[in-house]
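Subject: Structure for you to look at

Hello,

Here is the structure I promised to pass on. Please open it alongside this note.

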Amino acid sequence: MGLPSRLALDAIHAYQIPTTERAGLLRLDVNEHPCGPDPQVMQAMLAALSPEQVATYPLYAPWHAVAEGYFGVTPGQVTCTAGGDDAIKAIVEAFLLPEKVLLQLSPTFDMFAHWARLYGNPIAEVRHRADFSIDEGAWLRALDAAGDRLGMVALVSPNNPTGALASAQLIEQTLQRTTAPVILDETYGEFAQSHATRLLDTYSNLLIVRSFSKVHGLAGLRVGAVLAQAPVVADLRKVLNPYNVARPAIAASIAIMERPQLTAKWVADVKYVRAEFVEFLRLHHIAVGPQHANFVLAQLGEGAARITSALADQGILVRDRSGSHPDLQGWVRIAIGTAAQMARVQRALAPLLS
Ligand SMILES: Cc1ncc(COP(=O)(O)O)c(C=O)c1O
């Protein structure tokens, strides 16, 4: 027998996370970094693990100072979070008014709808075009149709799992059409060199979510950020736990922000290897989704489950999205690893595709 709750707990299931250790496998199933951070970053993290540091609550001021420069915002416009997940939860808790509609893409990352449902808010969704790109006309019409009932907009760009990129024009049109908070989730933004930071000074309803999990390889440490105008960030901090990010995570993410050349190199590698992998899939007559993030959606049709499981037998994890959304039948999402890792994937895939 459960307990009474102010949240709609009966209406939803917990987000499914892996129950077995994935370390040691070629993890291309949840868009992580395939190797982890650079040794210089690991060294900075380990230096933050002295007994005294571990015994002491984290200090966030140095992180914020470095983050302002890294993200290109002014003081007060950024706060650290325990990953994008922590950011999304806090934004919904703080700013989604009761009974108002959450507007999002479909399919998209699950956690916006997860929180909206828990709070009993209705959800409106906009489907993509046949090629998985964003249907801009339908998006703008849905914004207008929601009118005063609109409570929050969640726009993920590049989107997960489709890989679609929202144009700068669509983002700005969205902000112009509503005063409701607009969460722009740029968890994969680095891979598209697409960031809307310059819009922050103009739009007080813009909240940009950034993550250190994917491009920076810190998924296990849990670091993210929200960028917004200073009064919005100040309000958000009332909802976030005061010590939400642990010291090693703070130290590692500072080391990453101080070395932007490492990120630039990894992004360039991913784009190069992604293009090669897409070429390989096309040679095998496999349709692919838009390529703006560190993953590729591949249409494996009726073979999706069989191929996913045959790869798993060889220690290669990919994510069959069939069943997660009506439009994803037969689509398998494969994150991009290093050139050597993707060569291994190609060797394993080739006989399964013919
Ligand atoms: C679009 C998007 N947003 C946010 C997250 C959450 O990432 P994290 O909490 O690790 O930063 C993910 C993770 O898959 C994601 O795909």
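Below is what I found in it, starting with the domains and ending with one helix.

Keep in mind that this is a predicted model.

**Domains**

The protein chain is assigned two stretches for domain 1, 22-36 and 261-353. Domain 2 covers 39-258. Taken over C-alpha atoms, the centres of domain 1 and domain 2 are 25 Å apart.

The two domains touch. Domain 1 puts 23 residues into the contact, and domain 2 puts in 22 residues. On the domain 1 side, helix H10 (260-283) and strand E9 (295-299) are the elements that give two or more residues. H10 has the largest share there, with 4 residues. What is that side of domain 1 made of, by class? It has 10 nonpolar, 9 polar and 4 charged residues.

**Helix H8**

Now look at helix H8, residues 230-239. Which of its residues are buried? They are Val232, Val233 and Leu236. These three lie on the same side of H8, because they cover an arc of only 95° around the axis. A general point helps here: an α-helix has 3.6 residues a turn, so residues three or four places apart point the same way.

The face of H8 turned away from the buried side is another matter. Pro231, Ala234 and Lys238 sit there, and they are exposed.

What covers the buried residues of H8? The cover includes two helix and strand neighbours from earlier in the chain, strand E2 (78-81) and helix H4 (83-95). It also includes strand E7 (206-211) and strand E8 (224-227).

Best wishes

Conventions. Residues numbered from 1 in each chain as written. Predicted model: local features only at pLDDT ≥ 70, side-chain atom pairs only at ≥ 80, totals over all residues. Domains from an automatic or database assignment. Contact = placed C-beta atoms within 7 Å. Nonpolar A, V, L, I, M, F, W, Y, C, P; charged D, E, K, R; others polar. Buried ≥ 20, exposed ≤ 12 C-beta atoms within 10 Å, placed from the backbone. Arc of directions from axis to C-beta.
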